[in-house]
Amino acid sequence: SEVMMISAIIPSRDRCKELRGLLSALRLKAGADLEVIVVDDGSTDGTADLVRREHEWVRLLVNPEALGAAAAKNQGAAAANGELLWFLDSDSAMVGDDTILRAGPALLAPRQGVGAVGGEIFSRYDARSMFRQKMLMANGETRTVSHSGGYGGTLEVAYLPTCNLMMRKDLFLQVGGFDPGYFYLMEDADLCHRIQRLGYKCLASDETAVHHNMALEGRAGDLFLGHRNRIRYMLLNAPAWKAALLPLLDLWLLASPYKVKALLWGHISADKHLSPTARALGSRRTTLPLKVALAGADYLSSLTRGYAWNLARLPRTLRLRWGRRRDFLCAEHGAALSSG
């Protein structure tokens, strides 16, 4: 079978240490079938200098100011020469040998019905490796289910995070790439929604998983951004009735056992986006009521701001929603004519 060239695209902002480790691992695999593109998105920690000094084989794009991960990934995709695009985070790390470089193209072969492949493994505090499955809750909030010891196969998922997502470049262009309106957070779920709407599957597999170190740099204090983007995602993609009921869904899920349990056990998904103050207080041996109160105040404040931001921009969001629907219906009609 014909060998497909892969373009690895890594947006990075102020994660020089993590990026050095990832590039060192990829250097052993780079060659005629793999090019590596780093998009330095407004870093102030010498990221661009590191790449120029230690990794001259890497293609480097530099943004003087941060444009956001979504725009940075689009930049990398536009510059890519490969038929396959492989999106990675700077805090991703390779697992084992080059299995993803073999398994990814095989799963993405034409007429397989697969739009994107990936997957992540996360190491817990007790050193156990957990295979992470991404889910979307009724209000568009993301939820991660961890499988101890790996999944052991291939799993169809709601979406793939861009710490590891491989897809065909022609499909990426067909769905319109990442939506820069998200800046970052939820842009991966939105991309996968458009892939699935065209009838393709998103697969997470042990064979195509990478290790996600989940660096906290750049995550603290962006709970508002998470709510803002989640609400925007629902307004763009959810059925109209669900988008209208979104505030009620938020209140219903606010006190869900899942949220309380995640906070009680200190899951990273529960506190990675809290403000630095709330995270620092919550990380100590505080009582559960105090921990819930701290996180709850941060959560509700960010949620309120998220709704206010979306309300101010509702007309343009609805125009984009209608435009996407029109484009999808045109594509669906064109596919029906070509098959007929």
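In this predicted model, I195 touches G115, A116, M167, L171, V175, Y200 and C202, leaving aside residues up to four places away in sequence. I195 also turns up among the residues with the most contacts inside the largest nonpolar core, in the company of F87, L160, L165, M167, F172 and L191. That core runs to 42 residues, and helix α7 (residues 223-237) chips in the largest share of it, with 6 residues. M167 thus shows up twice: as a contact of I195 and as one of the core residues with the most contacts. A second core, separate from this one, holds 24 residues, including V36, M94, V114 and V117. Such grouping fits a general habit: in soluble globular proteins, nonpolar side chains tend to be buried together.

Helix α9 is a good place to look at burial and exposure side by side. The helix spans residues 246-254 and contains D250; L248 sits in helix α9 too. D250 has a relative accessibility of just 1%, so it counts as buried, the cut-off for that label being under 20%. Outside its sequence neighbours up to four places away, D250 touches N139, R230, L303 and Y307.

L248 tells the opposite story. Its relative accessibility comes to 56%, and L248 therefore counts as exposed, since that label applies over 50%. L248 is also part of a nonpolar patch on the surface, formed together with W241, L245 and L251. Taken together, the patch residues have about 460 Å² of accessible area. So helix α9 carries a buried aspartate, D250, as well as an exposed leucine, L248.

Note on methods
Residues numbered from 1 in each chain as written. Predicted model: local features only at pLDDT ≥ 70, side-chain atom pairs only at ≥ 80, totals over all residues. Heavy atoms only, no water. Helix = DSSP H or I, 4+ residues; strand = E, 2+ residues; numbered from the N terminus. Buried < 20%, exposed > 50% of the residue type's maximum accessible area, 1.4 Å probe, protein only. Contact = heavy atoms within 4.5 Å. Patch = residues over 30% accessible without salt bridge, like charges linked within 9 Å, V, L, I, M, F, W, Y side chains within 5 Å. Areas by Shrake-Rupley, 256 points an atom, 1.4 Å probe, with all protein chains shown as cover. Salt bridge = Lys/Arg side-chain N within 4 Å of Asp/Glu carboxyl O. Core = buried A, V, L, I, M, F, W, Y, C linked by side-chain atoms within 4.5 Å.
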